[in-house]
Amino acid sequence: MALAMNTSMPVVMFNQDCRTVLTMSIPYIAFYGLGYMLTVFLCNAIYTLLRRFSQPRIISEFIVGLMLANVLFIRTWLYSEEIIKTLNNIADFGMVFYMFVLGLEIDPHTLIKPPSRESKVAVAGMFSTLVIAFCVSPFIHIAHYPTLRFDIAFAVMTIGTASPVLARIITDLKIGKSDIGRFVVATGVLSDLVCTLLICVGFIIFDPVKSYETRNAFDITRVILTLIFEIGVAAKLTPLIMIWVNSENPEGKPIKGSHLVLSVAYVVIVCGISPVIAGYNSMLSAFLGGLFMPREGRIAKMMTSKLNYFLTVFFYPIFFFWMGAVSEFRRFGASRMGTWSRLFLPFLIATVGKIMGTVVSGVMLGFHWPESVAIGLLLTVKGHFHVYLAVVAANNKFISVSSSMALLFAIFLTIIYAPMVVANIIARARKRSPTQRMALQWLDTSVELRILLCVHGPQNTNASINFIEISRGTSNPGIVVHLTDMIELTDKIAASLVHGQGADAVTVTDKDVIDTRDQITQAARVYVEEDGDGIGVERMLALAPINNMHQDICILAEDLMVSLIVLPFHKDRQPDGRLGVGHSGFRHVNRKVLRHAPCSIGILVDRGLGSIQRISRSSISLNAAVIFIGGKDDREALAYAGRVARHTGVKLTVVRFLLDTGTEAGSTQRPGRPRMHPEQEEEMKQDDEYFTDFYDRHVAGGRVSYSEKYLANSSQTFSTLRSMEGQFSLFIVGRGGRANTILTAGMNDWEECPELGPVGDILSASDFSVASSVLIIQQHNLRGELDGLDDEFSIM
């Protein structure tokens with residue numbers, strides 16, 4: 001009994017101690033959790049406020065980390081050595097992932113490629129900055145004990161560029177596809193790569209464990225051989241393992257847990273070879289491991305995506321709080337002139353050095369000097385790794401906290417002005433690039449017509465093919481149709497996405513989506529192969545949530561430089577010929593595209609066009625009518641009708657509605673009508689001129705029929721439209737916008753679908769002919785073009 005009591009008492013005491021520790025830990029865990037949530041909330045809130053000034057997220061995280069860590073009661077809490085030690089460990093741990101992803105996203109072959117414009121500018125900017133920094137740094141007195149090693153290290157850090165931050169700024173500000181955007185990103189990546197490799201070489205020579213003393217020859221040799229072995233394993237053995245894992249886990253299926261664990265464990269082992277064997281820096285080892293690992297394959301893409309998500313959502317807020325914990329305001333020394341010199345001189349060294357190098361190299365390469373200056377300013381951008389090194393230097397007592405904070409503020413300055421530089425680039429591009437009217441009315445007849453034709457699914461295929469057929473015009477110059485699937489991004493489809501290289505490389509592996517797209521593609525291919533002279537069909541995809549799908553469509557239209565977007569009506573044709581309820585989400589997409597489209601836009605209401613198996617050229621297969629009342633949208637509809645008129649299988653009739661001022665109704669209307677403004681008179685003049693030109697080209701030769709309807713008011717317009725029921729299989733009309741004329745005044749009041757315009761709404765009504773399709777066209781709004789700038793532009 002005594003033995004039993006003696007053996008059980010330690011167990012009881014151990015359980016009591018565990019409960020005590022757990023009870024004491026719960027308040028701290030809750031406190032840390034609330035603190036993290038507060039940090040993330042403040043970062044998002046300030047980022048939302050600063051987005052109107054185009055500032056990147058790193059700026060809001062910098063501000064929150066610095067301010068939050070200097071709140072009085074939090075600063076008192078941070079005096080604990082355990083808290084600081086924990087934050088240091090988290091920062092070191094997270095930066096290992098950061099450096100691994102950085103290496104994984106950079107192609108090392110850029111170093112061995114023949115010299116390019118990007119490499120010449122990068123080298124020139126780095127060399128000039130290195131020389132200036134090396135000459136000036138001894139006079140700044142940043143280090144406690146200035147040495148040649150510190151001057152070299154400071155100069156190397158000054159020449160670097162934070163390529164992830166720069167790429168994010170360029171992408172967010174919509175110049176990533178321009179010549180200068182692509183050039184700056186490529187040059188920044190090269191600068192980042194060279195700078196980081198120089199640091200890797202420095203850590204081979206200098207030992208951080210022994211206060212960065214020079215290693216002896218044996219230790220240097222051991223580190224070099226270990227790194228060669230690690231790089232060899234990463235470059236040669238990794239592809240074999242990843243190929244096997246990828247073959248065992250095909251696209252569209254979840255990755256097996258055992259294979260995922262094996263892959264992650266293997267990567268950790270490879271990146272840990274040199275730190276374990278030779279005591280090399282773990283972050284730089286992770287960078288070299290990621291740099292020489294293959295970027296292709298499912299595992300590499302998944303690692304990049306998941307680690308970037310982890311860094312953005314979880315690590316960066318804590319990282320900048322750690323930065324703020326070291327940066328104590330009262331130790332900044334704002335009253336001393338030396339502090340401000342240590343703040344602005346590094347900033348000026350980096351800026352002036354980069355600008356000098358880019359301007360000199362730009363002159364040799366034939367760049368415009370303002371663009372060369374802009375490139376230099378953007379290549380000055382610093383980021384997370386530079387922040388980390390500035391803080392670690394203070395923690396290791398190489399520099400004072402005041403100098404560390406001065407360097408941090410200098411890093412902050414290199415980022416905050418970058419959006420202003422991009423804004424200047426866009427302003428210069430606008431001045432040098434004439435505004436182009438992307439509309440059919442202004443399209444040069446010697447240039448091919450480019451159309452973005454959208455479909456919801458296979459139910460729109462026949463109507464789309466027939467639309468292409470009647471729009472084809474002559475084989476020279478021809479027509480290019482970008483047949484685009486509008487796919488709503490649901491959780492199920494999002495889970496099947498596979499991200500490739502580049503911002504736009506996304507593959508959908510969902511079986512339903514693949515089958516739907518293949519069905520549409522096959523139908524379009526058969527049509528083009530049978531009779532596609534002068535027709536080019538390219539497949540596109542607009543994959544986005546309903547709320548943002550209009551942005552994808554507009555961006556596609558901008559990138560492809562189309563003159564017309566054609567969207568299917570949100571209501572689909574039922575077997576009885578009538579229109580169903582439809583998808584209300586696609587209706588909102590249509591409305592948003594109408595507001596933001598960078599070119600003309602049409603909405604196709606299919607109520608029989610898709611029922612025609614094939615429009616013949618040898619006989620009349622389609623009776624079409626274009627209704628012309630007046631205004632820019634009607635002129636655009638007439639411009640499109642000019643292409644339809646060239647098709648031998650379409651019988652086209654132009655019906656012009658004119659105001660009858662001679663009738664009693666017309667005369668009673670006129671006195672109450674306000675006097676016509678000069679803008680309205682100019683609009684009517686353009687209507688008459690354009691219609692006269694159309695008449696001479698198509699009607700006078702007998703190819704197109706023509707009739708006039710003299711009407712007095714909108715009531716007669718309505719009755720005339722209703723009288724056309726059953727006469728035509730396709731109506732082509734202008735949307736008309738909200739500008740009322742006497743012939744349409746008041747018709748907006750009872751519109752069921754305002755996005756179709758007053759005339760289009762009447763012709764598409766449920767009580768109108770079930771066999772008459774309608775194409776409603778809105779001309780490109782030139783004012784909208786001036787609000788933005790195409791991604792693809794050239795100013796260099």
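**Rings, cores and a helix**

Ring pairs join F62, F315, Y316, F319, F320, W322, Y388 and F412 into one cluster. The model shown here is predicted. In total, the structure holds 23 aromatic pairs. One of them is formed by Y695 and Y706. A pair of aromatic rings is described by the distance of the centres and the angle of the planes. For Y695 and Y706, the centres are 5.5 Å apart and the planes make an angle of 85°, which is edge-to-face. Y695 belongs to helix 26 (residues 678-699) and Y706 to strand 12 (residues 705-711), so this pair ties together parts that are eleven residues apart in sequence. Y695 is partly exposed, at a relative accessible area of 33%. Y706 is also partly exposed, at 26%.

Rings can also face charges. R57 lies over the face of Y47, 4.3 Å from the ring centre. The charged end of R656 sits over the ring of F691, at 4.6 Å from its centre.

Now to the interior. In soluble globular proteins, nonpolar side chains tend to be buried together. Here, the largest nonpolar core has 97 residues. Y280, F319 and L378 have the most contacts inside this core. F319 is also a member of the ring cluster described above. What does Y280 touch, leaving aside its neighbours within four places in sequence? Its contacts are C200, F203, I204, V223, L227, S274, P275, S285 and L288. Apart from the largest core lies another, of 47 residues. Among its residues are I553, F586, I629 and L721.

I553 leads us to helix 22, where it is one of the buried residues. The others are M549, H550, C554, L556, A557, D559 and L560. These buried residues pack against strand 3 (449-455), strand 4 (479-488), strand 7 (535-544), strand 8 (564-568) and helix 23 (584-596). How far should the twelve residues of helix 22 (residues 549-560) span? At 1.5 Å a residue, the expected span is 16 Å. The end C-alpha atoms are 17 Å apart, which agrees. Just after the helix, M561 takes a positive phi of about 55°.

One last stop is T129, in helix 5 (residues 117-140). Is T129 buried or exposed? T129 is buried, with a relative accessible area of 0%. Buried means under 20%, so T129 qualifies. Leaving aside neighbours within four places in sequence, T129 is in contact with T158, I159, I349, A350, G353 and K354.

Conventions: Residues are numbered from 1 along each chain as its sequence is written. This is a predicted model: local features need pLDDT of at least 70, side-chain atom pairs count only at pLDDT 80 or more; totals for chains, interfaces and linings use all residues. Side-chain values use heavy atoms; hydrogens and water are left out. Helices (H or I, at least four residues) and strands (E, at least two) are DSSP runs, numbered from the N terminus. The expected span of a helix is 1.5 Å times one less than its number of residues. Buried means under 20% relative accessible area, exposed over 50%, partly exposed in between (1.4 Å probe, protein chains only). Contact means heavy atoms within 4.5 Å. Rings of Phe, Tyr and Trp (its six-membered ring) pair if their centres lie within 6.5 Å; planes under 30 degrees apart count as stacked, over 60 as edge-to-face and the rest as tilted. A charge sits over a ring if NZ of Lys or CZ of Arg is within 6 Å of the ring centre and within 35 degrees of the ring normal. A nonpolar core is a set of buried Ala, Val, Leu, Ile, Met, Phe, Trp, Tyr and Cys residues joined through side-chain atoms within 4.5 Å.
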